Amino acid sequence: MGKKGKKEKKGRGAEKTAAKMEKKLSKRSRKEEEDLEALIAHFQTLDAKKTQVTETLCSPPSPRLNASLSAHPEKDELILFGGEYFNGQKTFVYNELYIYSIRKDTWTKVDIPGPPPRRCAHQAVVVPQGGGQLWIFGGEFASPDGEQFYHYKDLWVLHLATKTWEQIRSTGGPSGRSGHRMVAWKRQLVLFGGFHESTRDYIYYCDVYTFSLDTFLWSKLSPSGPGPAPRSGCLMAVTPQGSIAIYGGYSKQRVKKDVDKGTQHSDMFLLKPEEGGEGKWTWTRINPSGVRPTTRSGFSVAVIPNHQTLVFGGVCDEEEEESLEGMFFNDLYFYDATRNRWFAGQLKGPKLEKKRRRRGRAEESEGAADRDCGGADVPEPLEVITEVVSEDGTVVTIRQVLAPSGVVGQPPPEDENGAVEASGPSVEPCPRSNAMLAVKHGLLYVYGGMFEAGDRQVTLNDLYCLDLHKMEEWKTLVEMDPKMQEWLEETDSEEDSSSDEGAEGADEDQEEDSGEEEAAPGGGAWGAVCRLPAQDRAVLAEAGVEPRGARSKGEESTEGGPGHGQNIL
């Protein structure tokens with residue numbers, strides 16, 4: 001009892017500290033929020049000029065991250081909303097709505113009167129009632145210079161059948177935040193965590209709220225048991241047993257003046273509803289078996305048809321005295337809640353038709369040759385390490401693992417249907433963080449995100465698809481466009497950084513501006529541009545993007561905090 005009481009007391013102390021920080025934060029950030037509110041109001045005035053729904057066939061959306069990508073509950077469509085883009089000098093935040101037709105392979109820009117204000121790092125949840133609804137809560141708006149942030153606490157619903165936006169005004173909900181997570185549980189929305197940041201202060205949350213889709217009322221939960229520490233950007237998914245899983249995420253705390261220490265969490269919890277107790281929930285920490293993801297933040301999450309939860313990509317930074325070394329990922333992991341086990345996703349490679357061989361003496365001789373060569377040693381993967389000095393003096397260490405070509409005379413493995421598996425996938429998304437995921441009919445779609453190349457942030461607008469039933473190979477639906485890779489060097493000019501145009505949408509401004517872990521088999525970690533697939537390296541070379549190097553520790557990093565380009569979605 002003593003130990004349990006101590007934990008509960010510690011938990012209450014943390015809640016009090018968070019409450020004090022939030023009060024302090026509210027006073028300090030109010031002034032800058034007022035400035036941003038004026039800018040947001042200006043953009044809403046522009047949006048008010050839209051008086052009717054217009055749908056326009058268009059090219060794929062511009063590069064972005066921290067948007068939301070959702071599968072339509074009734075149609076073969078994906079819905080992309082919001083997001084942000086940084087070109088080295090200005091931050092662009094969007095409230096555009098795009099529809100991707102899976103069958104037609106076309107994009108449509110949908111302009112609807114009265115949309116939510118521009119935002120990124122929000123949460124979007126689709127529910128089937130009423131012909132389909134897309135619920136959106138929170139998120140943030142960044143000033144053009146990326147130094148100030150306005151965090152929303154509003155709730156919106158897009159009625160998909162009538163293509164109308166509606167703001168739901170209900171008191172008692174979560175405070176303004178971004179980087180939170182939200183899921184649909186029965187006829188409720190359940191929201192967890194997130195963060196709020198001002199110029200001088202920040203706070204991370206571990207609170208839980210529910211919103212009833214019947215009564216349109218918010219409720220704050222007070223789960224029993226020790227729960228997760230405050231965090232943003234975590235995994236949140238409903239399990240087949242009716243619990244809610246929380247995994248990983250990111251938070252930071254101030255260790256001394258002007259010095260923050262970030263934490264990439266790797267713990268996992270279940271939020272369970274208590275039997276017979278309406279509105280009562282319990283936190284339980286769990287330790288799944290299997291091959292769990294390596295430590296990272298900025299990963300993306302999707303729930304797949306067999307009720308497993310999928311994790312894709314992300315970034316892991318190693319802090320040194322004066323620099324931050326980052327490793328971006330493009331690997332897949334699956335969490336099976338029924339078995340409480342993690343699995344590393346491994347692609348089989350494309351299958352080829354088995355070639356018929358002539359019967360008779362020729363076949364016998366080939367078989368003998370196969371047997372003679374079958375005992376040869378299997379070649380091991382070759383690791384190549386190269387150091388390259390870029391034009392700015394940055395030393396880039398390139399580590400590349402080359403797969404063996406296979407045993408001579410030994411045929412590729414066959415499956416039960418007589419098909420032959422190829423040696424491996426030839427196309428795959430480049431390593432990235434903060435990408436957007438959606439699953440429809442057992443197909444996983446990955447859109448956009450970002451990685452770093454030297455001092456540059458490369459924001460993507462490519463689209464890939466993977467059949468989760470076959471797990472054979474990625475398919476490229478939209479290739480990365482080198483013409484979209486604009487990067488402007490930092491300038492001391494206040495005119496550029498203070499320009500209101502910097503936060504406009506792309507359609508207006510960019511046209512003007514022109515526990516113990518098992519090692520995952522087969523690697524899965526990629527060194528950003530240094531180990532990109534050949535087709536992406538060629539595209540970046542055309543765009544003039546150099547390989548990434550070390551960053552100064554004083555520079556903003558992908559997982560270093562909750563500002564622009566962070567692990568908040």
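**Exercise 1.** How many disulfides does the structure hold?

*Solution.* Keep in mind that this is a predicted model. Start with the chemistry: a disulfide is a covalent bond between the sulfur atoms of two cysteines. The search through this model ends with zero disulfides.

**Exercise 2.** Is cysteine 316 buried or exposed, judged by its relative accessibility? Do the assignment for cysteine 430 as well.

*Solution.* The cut-off we need is that buried means under 20% relative accessible area. Cysteine 316 has 16% relative accessibility, so it counts as buried. For cysteine 430 the value is 0%, so this residue counts as buried too.

**Exercise 3.** Describe the surroundings of serine 178.

*Solution.* First, locate the residue: serine 178 lies in the loop between β13 (164-168) and β14 (181-185). Next, check its exposure: because its relative accessibility is 0%, serine 178 counts as buried. Then list its contacts; leaving aside residues up to four places away in sequence, serine 178 touches Ala121, Gly139, Glu140, His151, Gly194 and Phe195. Finally, look at the polar contacts between side chains: serine 178 makes one with glutamate 140 at 2.8 Å, and one with histidine 151 at 3.2 Å.

**Exercise 4.** Which strands stand at the edges of the sheet that contains β14, and why is one side of each without a neighbour?

*Solution.* Begin with the strand order, β14-β15-β16-β17, in an open sheet of four strands with antiparallel pairing. The edges are β14 and β17 (218-221); each has a single partner strand, so one side of each lacks a neighbour in the sheet. On average, neighbouring strands of this sheet are turned by 25° against each other, direction ignored. Now zoom in on β14: five bridges join this strand to β15 (residues 188-197) in the antiparallel sense. Tryptophan 185, for instance, has glutamine 188 in β15 as its bridge partner.

Definitions and conventions: Residues numbered from 1 in each chain as written. Predicted model: local features only at pLDDT ≥ 70, side-chain atom pairs only at ≥ 80, totals over all residues. Heavy atoms only, no water. Disulfide = S-S within 2.5 Å. Buried < 20%, exposed > 50% of the residue type's maximum accessible area, 1.4 Å probe, protein only. Helix = DSSP H or I, 4+ residues; strand = E, 2+ residues; numbered from the N terminus. Polar contact = N/O pair within 3.5 Å; in protein donor to acceptor, adjacent residues only side chain to side chain. Contact = heavy atoms within 4.5 Å. Pairing = 2+ DSSP bridges. Axes fitted to C-alpha atoms, helices over the stretch in contact; angles between N-to-C directions.
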